[in-house]
Amino acid sequence: MSAAAQARKRRKADDLEILAFERGDFTSYSACGIPYWIGGLVDGPDALIARDPAAFAEVGITVHTGHEVTGIDLSARTVTVRSADREFSEGFDELVYAAGAVPVRPKWAAVPVRGVFGMQTLGDGAAVEAWIAETSPKNAVVIGAGYIGVEMAEALLRRGLSVTLVEQSPQPMSTIDPDMGALVAKSIECMGITLRTGVTVESLESDIDQIKAVVTDAGTLPADLVILGLGVRPNTELATAAGIPLGATGGLATDLRQRVTGPSGLVEGVWAAGDCTQVLNRVSGRQVHVPLGTHANKQGRVAGINLGGGYATFPGIIGTGITKICDLEVARTGLSSKEADAAGYRYVTATVSSTNRAGYMPGADPMTVKVIAEKTSGLLLGAQIVGKAEAAKRIDAFAVAVWNRMTVTEMTALDLGYAPPFAPVWDPVLIAARKADEAL
């Protein structure tokens, strides 16, 4: 819908007809806000919707919800569309493929079981809300301790459920380094969530078709509500069936203007944006799949500007991510140590402990900051933060530095804001940069 809106700004309705087909019932909503709706922090689903179909209709964009595109014919320039009561073909001159991502579902979750939910759409959130109202569950198991997993664990804890968080890796939040992940694990357990790392789920137990337990290689966990937070993969089934090539990550490959490309060049008249695409990591130089709403909106905007006759490019990403679980904040940008190793960098690390404000101020809380810098050059490769209030948004300073290829030496002189209610005289960002500079 970002692409549609930007194209409409540049070309009037009598010059460019814009149709959008959406399988679900909602448009332009914040999927990232669903855990906070489930946790009772925000109203939903209406509060999470930025624009509904009526708002788009006012500017000449026709949105058909409850309409699933089931096929693409590039030769005929048509899509096949199925609704509740009919199936039809619709022609196009230009096609924007923005099908997003689909949840990873292992074999043991292939058969639908009542009480087991993914967490991708507003419909998923509504289904969880309805299940809680209908069954008053007591024991929740969240499978996967990534962003959505930890956020849903907190949401269900806030709803009064006993929550077990299961993760196959040795640590939660595997996008950060193990030492930082250990800090997250300790805090999760202190919050009253049972954390089981290094545990593999083998099957689900159900009574008829309703969830009863999660079976792991370390024992059976009672459950009357299960959340699958196992990650997502690009939703490219339609594209593949139409003969549109995929990139190395399994997502659609695009050029800088969001035009779909393949080994033979451009796929004429086809654009792609969002979680169905792969993107360039500006630090590693590699193509990656990083499904985030920030990237999706920017890519859609770029595609729409170009479709409308303007010119825009999407320069890539640096892997910035942020989340919270209860009162713990977690953030990262650039490369982790594992990613830096894979990219072939030699590097130093520096980890410091500091506070969010002057230590003598009320509300001064601890945070840990880790910096990764390339050997010799001192180029900032990445940073990670784990801490309490006002910790995580400090990642933005590191993100700007990574984006602009600053060295940690340059960072030590950054003129950051200081006053005792907001930071120590040496902000944790500066302390970490200074320690990394010394490590060089």
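In this predicted model, Cys326 sits in the loop between strand S21 (321-325) and S22. Cys326 is not a glycine, yet its phi is positive, at about 55 degrees. With a relative accessible area of 22%, Cys326 is partly exposed. Glu390 is another residue other than glycine with a positive phi, and it lies in the loop between strand S25 (380-387) and helix H10 (395-403). Glu390 also counts as partly exposed, at 38% relative accessibility. Most residues other than glycine have a negative phi, and most peptide bonds are trans. The peptide bond that joins Gly44 and Pro45 is cis, and Pro45 belongs to the loop between H2 and helix H3 (53-58).

| Site | Angle | Place |
|---|---|---|
| Cys326 | phi about 55 degrees | loop between S21 and S22 |
| Glu390 | phi near 70 degrees | loop between S25 and H10 |
| Gly44 and Pro45 | omega about 0 degrees | Pro45 in the loop between H2 and H3 |

**Nonpolar cores**

In soluble globular proteins, nonpolar side chains tend to be buried together. Here the largest nonpolar core has 36 residues, and those with the most contacts inside it are Leu156, Val163, Leu165, Val184, Ile188, Leu225 and Ile227. The elements that each supply at least two residues of this core include helix H2 (34-38), helix H4 (122-135), helix H6 (178-190), strand S10 (162-167) and strand S22 (328-334). Helix H5 gives the most to this core, with five residues. Apart from this core lies another, of 35 residues, with Leu335, Met367, Phe398 and Met411 among them.

Leu165 shows the surroundings of one core residue. Leaving aside neighbours within four places in sequence, Leu165 is in contact with residues including Val142, Val150, Ala153, Ile188, Ile193 and Leu195. Its contacts also include Gly144, Gly149, Thr194 and Arg196.

**A strand pair**

Strand S17 (residues 259-262) and strand S18 (residues 265-272) pair in the antiparallel sense over three bridges. A hairpin of two residues connects S17 to S18. Thr261 stands opposite Leu266 in S18.

**The cavity**

Rolling a probe the size of a water molecule over the atoms shows where empty space is left. The count comes to one cavity of 30 Å³ or more. The largest cavity has a volume of about 50 Å³. Its lining includes Gly274, Asp275, Thr277, Val279, His289, Pro291 and Gln299. Helix H8 (residues 293-307) provides the largest share of this lining, three residues. By residue class, the lining divides into five nonpolar, five polar and one charged.

Definitions and conventions
Residues are numbered from 1 along each chain as its sequence is written. This is a predicted model: local features need pLDDT of at least 70, side-chain atom pairs count only at pLDDT 80 or more; totals for chains, interfaces and linings use all residues. Side-chain values use heavy atoms; hydrogens and water are left out. A nonpolar core is a set of buried Ala, Val, Leu, Ile, Met, Phe, Trp, Tyr and Cys residues joined through side-chain atoms within 4.5 Å. Buried means under 20% relative accessible area, exposed over 50%, partly exposed in between (1.4 Å probe, protein chains only). Helices (H or I, at least four residues) and strands (E, at least two) are DSSP runs, numbered from the N terminus. Contact means heavy atoms within 4.5 Å. Two strands pair if DSSP finds at least two bridges between them. On a 1 Å grid over the protein atoms alone, a cavity is a set of points where a 1.4 Å probe fits but cannot get out, and a pocket is an open set with protein on both sides within 12 Å along at least five of seven lines; lining residues have an atom within 4 Å of a point. Grid points are joined across faces, edges and corners, and a volume is the space filled by probe spheres set on the points. Ala, Val, Leu, Ile, Met, Phe, Trp, Tyr, Cys and Pro count as nonpolar, Asp, Glu, Lys and Arg as charged, and the others, Gly among them, as polar.
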